[in-house]
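These are my notebook entries from going through a predicted model. I wrote them in the order in which I looked things up, with strands before cores and rings.

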Amino acid sequence: MKSLADRPVNPVVGVPVSHESASAHVTGTALYTDDLLVRSRNVLHAWPVQAPHAHALIIGMDTRPALKVPGVVKVLTASDVPGVNDAGVKHDEPLFPSEVMFHGHAVCWVLGESLEAARLGAEAMEVEYQPLPSLLTLTDAMAAGSFQGNQPTVARGEPDSALINAAHRFSGEFEFGGQEHFYLETQASFAYIDEGGQVFVQSSTQHPSETQEIVAHVLGLANHEVTVQCLRMGGGFGGKEMQPHGFAAIAALGASLTGRPVRVRLNRAQDITLTGKRHPFHARWEAGFDDDGRLQALKATLTSDGGWSLDLSEPVLARAMCHIDNAYYIPNIEVHGRVAKTNKTSQTAFRGFGGPQGMLVIEDLLGRCAPLLGIDPAELRSRNFYEPGQSTPYGQPVRHAERLTAIWQSLLDRADVAQRRADIAEFNAAHPNIKRAIAMTPVKFGISFNLTAFNQAGALVHVYKDGSVLINHGGTEMGQGLHTKMRQVAATALGVPLSFIRLAPTRTDKVPNTSATAASSGADLNGGAVKNACEQISSRLAEVAARKLNIHPDDVRFDDGKVTGIGFHDRHLSFAEVARDAYFQRVPLWAAGYYRTEGLHWDSARMQGEPFKYFSYGAAVTEVEVDRFTGAYRQLRADIVHDVGDSLSPLIDIGQIEGGFVQGAGWLTLEDLRWDVSDGEGRGRLTTQSASTYKLPSFSEMPEQFNVHLFERATESGVVYGSKAVGEPPLMLAISVREALREAVAAFGSGGTAVELASPATPEAVFWALERVRASSPSSNDQERDTVRPPVPTSAL
C-alpha cells in the first residue's frame, strides 16, 4: 500500500494554481442554488411568517386571508407535515412551532406564484400570540439557571492546591460576543419531484447527507427517496452545516404537496434574523503563576449562549474547552462548561467551532496578567509554550510541540520585531495623543471532528476511455478551494495533468453518508478518499501497461499523462492509450474510494482521549495605531507564519490564511450583534439586521502591510500528501490584533496595570478602555476621573 503522505516525482499538489472556478466567479457565470430555478417552469416561491415576539404561545392561526391574496397557492403549516415536524437532529427544533422561541421565528410559510405574492400573503396571515417572559442575555440566563444539554468538565492534576501554593494568583471574568456569518449567498434551496417520484433538492448546504436525512424524515420517506445536490456555495463558514436543513425541508414539503418546484431563498434580513451565529461566551476564571511567570493552575467556567435550541452547541462547547489551553502547558486545570438557553436564534457552527472562544479566554487572561507579573506579554506566552513530551488536559500528546518555538522565532526574525519595538517606543514618546503597539499570539488548533464517526469520507472516480477523469467526492465547495485541491490530489495520484481532471457536483446519490465539510477536515478526509480511489485505478492500469512494456507492474510510473518504467528514457505510453487498452481488456476504470482517520478516540462523558489527528500551529504579530480622542485605530502591519504541512495548493492556502485572519479580526474588533433588550414591543428583535447596521471587515480594515509565510519542512505523516488543514486555524491568529489594541491602550497609562478590553473591541470599547487606563494613572486628575464615567459597553454584556 502506498504511503498517504509521500509524494511522487513531479506532483501536481504543491503547485500554486488558481481556484478551479475563479474565472466563473469573476465573470458571473458560476451558478449557485438560486440560479438553477430558471431552468424550471411553474416555480412557487416561499416566504416565512415571522413572529413579532421573543417568546410566545401560538393560540390561533387563520390561513384564509392569505389564501385570498392573488397568486397565493398554499400556506404550509404543521398539519401538512406527513413525517416528523422537526428540522434538527436533537428533536428540539420544530419546523412549524407551537411556541415561538425567538423574535422572528418562522411559524408558517406561504407559497406564491411570485415572491411578491408570497410576501403579501405572509402579511395577510392572521396569527394570535400569547406573549411569555423571555431571556435575552447570558447574564439573565445564568441568573435564572436556564441551561440546556450536557455540562462537561475537563480536569487534570490538583488545581485547588496548586492555586493555594501559587506565587501569584489572579481571577477575572470575561464576556464576549458572537458573530454573524454574513456569507454572500444567503440560505437557498430549490426542490422538485422528478418523473419517478424522487424528491430532488438543490441546497446551499455544507452537509448534503444530513440535509437529505432531515428532508426524508419530514416527508416520512426513506433516505434513498431523496437526493440532495450542492453545486457550490457563496460562502458558508459553518452557517450552512446545520441551518440549511429546515429550509430544504420547506422547499421539499411544498414541492411534494403541490407537485410544483418550490424555491426558498432568504433575503438578507430574513437570513440574519432566522439563522444562528457564532456562540457568545462568558468565562469566569482563576489562575496561578510561579515567580517565573509559568502557569501553575487554572480553574474556569465557560458558559456559551446556545440560543433557543441545542443545534451544535454541545460539540462547540467541547471544542472550546479543549482549546482553552491554546499553546500553553497548564499542569493543574479544571474547566467546567455550560450551554445557556436564551430566546434568540439557535447559535451554531462558525469557523473555528468553539476553538476561537476557548483560545480567546486564555489569551485575554495572559494579556491581563502580564503587566501584573511585570513580564512582557510575548515573553509570558513563550515561557508557557508546550514542550515535547507534554500532553493536553484531556490526555492527547502534543506532537511536534517544538514547532511552536520554531514558528515563534521565525516570526520574530521575519517581522523584525525587536527593531520595531524600539521604533514604536520612540514614536510613542513623541506622540502623546496617538500610540502604537505590537503584539504576538500563537495558535495550536486540533484537526478532526469531535465526533469520531464523522472522520470518514468517500469518493467515486471515473476514468474514461480517452483518459479523461471525473471525480465525485463528499465534500462541498464554499469558495475555500476544496475542489481545486481535490483536482490536484487526483492529478497527482493518477500521474496526469490537471487539465485531465473534472469535478462533478456534490450529491448524495453518488457518494452516500458523507460528513459535513467542516472542522477544517475537508481536504484531509476527501483527499484521502480521492487518493484511495485513484490508486485503485492506477494499480490496475499499471498491470495493463506492464504487459505492454514488458516490465513488472511495480516498476510502472505515471507522470504528466505519460506511462513509462523505471530507467526508461526512450519509450512511453500515453495515459489515454493505457486507459483504452484497459477497457478492451475488460479492466474496470472506475473505483469507489474510502478514507477513515486512524488513531482517534474520544470519551465525551469523561472528556478524555485523543480526538485530533494532529495540531495545526501558527503565530501572528500585529502592529496597530490608536487615537486617544476617539478610540479609532488602524492595523499598520500583520505578519504571519503558519504551519500547513506540505501545502496541497499554496495559493489557496495563503488565501485561506489571509481571509481567516481578516474574518477573525472582524469578530474581535468590529462585528457587534445587538438585540433589543427593552420591555417594549420590539423586545428580542435583532437590531443589526443588515450591512448598514452590522459592521463587516472590508479592504479598509486590512493591514496596510500584510505578510504571510508558510512554515517550511513541515510534512505531516499520515495525512494526504503530507498536508495540514488550513480552513479554521488562521482565524485565531487575529487575536494578535486585539492584544495589540490592549497594548496600545496601556501605552496611554503609566504601566503595570491590567487593561480590560471588551470584545468586540470596537473604537467605542477601545475609547472607554483608554479612559479607564488614564483615570487609573497617577497623572490623571480627580476632576477628569469624576466627569468621565464610562458605561458598560453593550458589546461586553
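**Entry 1, strand β19.** I looked at the two faces of β19 and found both of them covered, with Val469, Ile471 and His473 buried on one side and Leu470 and Asn472 buried on the other. This fits the count for the strand, which spans residues 469-473 and has five of its five residues buried.

I then asked which strands pair with β19 and in what sense. Strand β18, residues 456-463, pairs with β19 in the antiparallel sense over five bridges, and within that pairing I noted histidine 473 of β19 as the bridge partner of alanine 459. The two strands form a hairpin with five residues between them, and in the turn I found glycine 467 with a positive phi of about 90°. Strand β20, residues 501-503, pairs with β19 in the parallel sense over three bridges, and here valine 469 stands opposite isoleucine 501. Following the chain from β19 to β20, I passed through helix α14, residues 482-494, and I recorded the three elements as a right-handed β-α-β unit.

**Entry 2, strand β16.** I turned next to β16, residues 332-340, which is mostly covered, with eight of its nine residues buried. Strand β7, residues 147-148, pairs with β16 in the antiparallel sense over two bridges, and phenylalanine 147 has alanine 340 of β16 as its bridge partner. Strand β8, residues 153-156, also pairs with β16 in the antiparallel sense, over four bridges, and there I noted threonine 153 with histidine 336 of β16 as its bridge partner.

The pairing with strand β15, residues 295-305, is parallel and is made by nine bridges, with alanine 297 standing opposite asparagine 332 in β16. Between β15 and β16 the chain crosses through helix α9, residues 313-321, and this β-α-β crossover is right-handed.

**Entry 3, a three-stranded sheet.** I also looked up an open sheet of three strands, which has the order β4-β2-β6 and antiparallel pairing. Its edge strands are β4 (99-100) and β6 (126-131), each of which pairs on one side only. Between strand β2, residues 56-62, and β6 I found six bridges in the antiparallel sense, and alanine 56 stands opposite proline 131 in β6.

**Entry 4, the nonpolar core.** Which residues have the most contacts inside the largest nonpolar core? I found a core of 139 residues, in which Phe289, Leu298, Leu302, Leu365 and Phe661 have the most contacts. Helix α15, residues 522-549, gives the most to this core, with 13 residues. The core draws at least three residues from each of domain 1 (22-29 + 456-596) and domain 3 (281-449 + 606-785). As background I wrote down that nonpolar side chains in soluble globular proteins tend to be buried together.

**Entry 5, aromatic rings.** I counted 20 aromatic pairs. Why is the pair of tyrosine 192 and phenylalanine 200 tilted? The ring centres of tyrosine 192 and phenylalanine 200 are 5.4 Å apart and their planes are at 35°; an angle under 30 degrees would count as stacked and one over 60 as edge-to-face, so the pair falls in the remaining class, tilted. I checked burial for both partners as well: tyrosine 192 has a relative accessible area of 28% and is partly exposed, whereas phenylalanine 200, at 8%, is buried.

For another pair I took phenylalanine 767 and tryptophan 768, which are edge-to-face, with 5.0 Å from centre to centre and 75° between the planes. Tryptophan 768 counts as buried, because its relative accessibility is 16% and the limit for buried is under 20%. I noted, too, that ring pairs link Phe174, Phe176, Phe281 and Trp667 into a cluster.

**Entry 6, charges over rings.** Lastly I looked for charged side chains placed over rings, and I wrote down two cases. The charged end of arginine 268 sits over the ring of phenylalanine 182, at 4.4 Å from its centre. Lysine 344 lies over the face of tryptophan 675, with 4.4 Å to the ring centre.

How values were computed
Residues numbered from 1 in each chain as written. Predicted model: local features only at pLDDT ≥ 70, side-chain atom pairs only at ≥ 80, totals over all residues. Heavy atoms only, no water. Phe/Tyr/Trp six-rings, centres within 6.5 Å; stacked < 30°, edge-to-face > 60°. Buried < 20%, exposed > 50% of the residue type's maximum accessible area, 1.4 Å probe, protein only. Lys NZ or Arg CZ within 6 Å of the ring centre and 35° of its normal. Pairing = 2+ DSSP bridges. Right-handed = clockwise from strand over helix to strand, strands pointing away. Core = buried A, V, L, I, M, F, W, Y, C linked by side-chain atoms within 4.5 Å. Domains from an automatic or database assignment.
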